[in-house]
Amino acid sequence: MLQRMHNISSWRGTAAIVQLIFLGAVVAGNSITTDGSSFDSTCLSLASQLSIPNATFTFSQSVVAGTPLIFPFRDLSCVLLNGQSLSVVVPVDICRVSLSVSTSDRSGINMETWLPRNWTGRFLSTGNGGLGGCIQYNDMIYGSALGFATVGADNGHNGATGNSFLNNPEVLEDFVYRSIHTNVLVGKEVTKQFYGTPHTKSYYLGCSTGGRQGLKSVQDFPEDFDGVVAGAPGNNWNNLMSWFDYLFTVTRNAFSPTFIPVDKWLGIIHSDILSQCDLIDGVQDGILEDPNLCEYNPDGLICQNGSDPSTCITEEQAETIKQIFSSFFIDGQFAYPRMQPGGENALWTTAVLGGDVVFFSADWFRFVVHSNPFLDVHTLGEADWELAQQLDPFNISTYKGDISAFKGRGGKLLTYHGQADSLVSPIISELYYDHVSNTMGISNADMDEFYRFFRISGMSHCSTGPGAWRIGQSFFGDNTELGGENLSPDRNVLMAMVQWVEEGAAPESILGIKFVGDSDEMGVEFSRRHCKFPLRNTYDGQGDSTKPESWSCQ
């Protein structure tokens with residue numbers, strides 16, 4: 001459920017980022033630029049101007065491009081568990097505004113609004129990751145650098161653990177939906193008071209838990225956004241948490257005959273999956289274009305007499321693999337789809353299949369489902385999974401199929417999901433898309449009017465992986481070093497959403513980029529055009545498979 005954050009200052013120079021505002025003019029509106037003195041003075045005097053109910057002004061500061069920001073009060077779990085940084089470098093001039101907002105008599109959020117000097121008139125809300133008490137500063141950088149007035153909040157608690165949920169439903173309510181909604185309402189008002197004019201269009205960008213938050217906004221607060229980009233959404237949340245626990249009951253720990261060491265997942269099992277399924281799409285490149293077509297059978301890896309045990313598996317381990325690549329049921333009822341083959345060599349394999357319950361699932365059962373911080377999560381089973389389903393606090397399942405109110409007001413929803421995601425099964429995004437279609441009784445062609453879903457082959461959870469995963473989904477995935485063409489709507493999901501909302505031109509596909517070693521400096525390894533669901537990207541059988549023109553959506 002985590003969205004990884006990278007140390008921006010070491011990853012890319014400030015000069016390239018500053019170009020974003022100007023190079024991003026492919027779909028940009030007119031920028032509102034204030035001269036230095038008025039921008040800075042307005043920023044510094046904002047405290048005396050702000051008048052927002054339940055909001056307490058913390059500080060405002062005028063930040064010059066290239067300035068490093070340090071977050072000394074950020075909980076260490078945001079760094080250790082959410083992979084985020086204690087500092088970032090701001091690439092453009094902004095007015096940084098910090099507020100605390102009371103959401104009840106025992107809860108509240110801390111939020112920031114970053115107001116760029118070169119404002120396009122657009123507003124952007126960012127989401128969170130995992131159990132989400134960490135502002136996603138990388139997305140704050142990305143949005144403000146592209147000229148959006150950008151907001152982020154801590155989801156009502158400081159840190160990436162679930163401790164704060166214990167016996168405090170108000171904090172839990174903030175996490176489920178209220179933090180995002182509150183920070184949008186307050187952020188829009190701060191934006192209006194600062195620039196002296198309201199925003200023109202409102203957008204959302206998030207992945208993982210952030211993807212779920214985007215869907216929650218579409219379902220329950222259709223007026224908040226004109227366009228929502230939701231990546232790898234962690235919806236069907238309760239069963240996702242139970243699925244993590246179920247995976248532990250299948251693998252157990254290193255002392256169990258059912259356990260498979262991580263090095264075997266990364267090595268012989270992944271290689272065997274590729275040998276069976278990689279050529280289904282016609283190209284042997286280490287990428288399963290559509291893992292739905294892969295029905296992997298591990299029996300060929302079972303040790304024979306005299307086999308080197310490091311190069312084979314036991315019959316018990318083969319059964320473990322079959323269960324992991326099968327759907328999850330609770331009391332005989334389908335609960336969550338299988339882990340897709342092809343993603344087992346990803347960063348998250350250690351967390352999901354490493355011999356323990358994934359930490360945020362453990363926290364969910366300890367601090368929410370059972371309200372017992374001393375609960376032994378290694379003893380959970382179907383009764384606990386059923387209880388989690390029944391509780392569904394504040395409808396965190398986020399699985400409503402009727403989003404007609406969002407459609408009716410002209411809202412646009414773009415979801416994407418990496419097909420090598422071992423943390424949130426990419427099948428769940430297909431199921432939700434079909435659920436909306438069936439609930440609303442509309443065809444794929446009608447869905448295209450307001451809801452488009454893109455399967456990103458070879459992308460792990462939100463980013464990284466063997467595929468062409470750079471699609472402009474975050475600051476780390478924006479391809480900036482290639483120049484302004486990579487802010488073009490055909491290869492940047494955020495800019496694609498802007499064009500869809502403001503010009504009515506919806507994306508038919510998204511061009512992804514893969515750099516050699518995932519390093520910009522090493523150059524492009526290949527690019528691939530990712531298709532709009534339910535179409536499948538298909539190799540045409542001839543031509544250079546590293547070129548997008550050798551593939552077509554069928």
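In what order do the nine strands of the open sheet lie? Keep that question in mind as you begin, and remember throughout that the model on your screen is a predicted one.

**The sheet**

Select the strands and follow them across: the open sheet runs S2-S5-S6-S9-S8-S10-S11-S14-S15, and its pairing is mixed. Its edges are strand S2, residues 55-63, and strand S15, residues 451-456, each of which pairs on one side only. As you step from one strand to the next, the twist averages 15°. For background, strands of a sheet pair through backbone hydrogen bonds, and the pairing can be either parallel or antiparallel.

Now go to the S2 edge and add strand S5, residues 94-104, where you will find that S2 and S5 pair in the antiparallel sense over eight bridges. To look at one of these positions in detail, pick Phe59 and then its bridge partner in S5, which is Ser98.

**Helices lying across the strands**

Next select helix H7, residues 169-195, which lies across S5, strand S6 (107-116), strand S8 (122-126), strand S9 (149-153) and strand S10 (201-207). Turn the view until H7 and S6 can both be seen, and note that H7 runs at about 35° to S6.

Then move to the other edge strand and select helix H16, residues 427-440, which lies across strand S14 (412-418) and S15. Here the helix runs at about 160° to S15.

**Helix H9 and two partners**

Two packed helices are described by the angle between their axes and the distance between the axes, so look for both in the next two stops.

Select helix H9 (residues 237-251) together with helix H11 (residues 315-324): their axes come within 9 Å and cross at roughly 165°. Because this angle is over 145 degrees, H9 is roughly antiparallel to H11. The crossing is right-handed, and the contact is made by Tyr246, Leu247, Val250 and Thr251 of H9 with Thr320, Gln323 and Ile324 of H11. Coloured by class, this contact shows four nonpolar, three polar and no charged residues.

Keep H9 selected and replace H11 with helix H14, residues 382-391, whose axis comes within 9 Å of that of H9 and crosses it at roughly 170°. These two helices are therefore roughly antiparallel to each other as well. On the H9 side the contact is made by Asn238, Asn239, Ser242, Asp245, Tyr246 and Thr249, and on the H14 side by Trp385, Ala388 and Gln389. By class, this contact has three nonpolar, five polar and one charged residues.

Finish by selecting Tyr246 of H9, which takes part in the contact with H11 and also in the contact with H14.

Notes: Residues are numbered from 1 along each chain as its sequence is written. This is a predicted model: local features need pLDDT of at least 70, side-chain atom pairs count only at pLDDT 80 or more; totals for chains, interfaces and linings use all residues. Side-chain values use heavy atoms; hydrogens and water are left out. Axes are lines fitted to C-alpha atoms, for helices over the stretch in contact, and angles run from 0 to 180 degrees between N-to-C directions. Helices (H or I, at least four residues) and strands (E, at least two) are DSSP runs, numbered from the N terminus. Angles under 35 degrees count as roughly parallel, over 145 as roughly antiparallel, 65 to 115 as roughly perpendicular and the rest as oblique. A crossing is left-handed if the near helix is turned anticlockwise from the far one by less than a right angle, and right-handed if clockwise. Contact means heavy atoms within 4.5 Å. Ala, Val, Leu, Ile, Met, Phe, Trp, Tyr, Cys and Pro count as nonpolar, Asp, Glu, Lys and Arg as charged, and the others, Gly among them, as polar. Two strands pair if DSSP finds at least two bridges between them.
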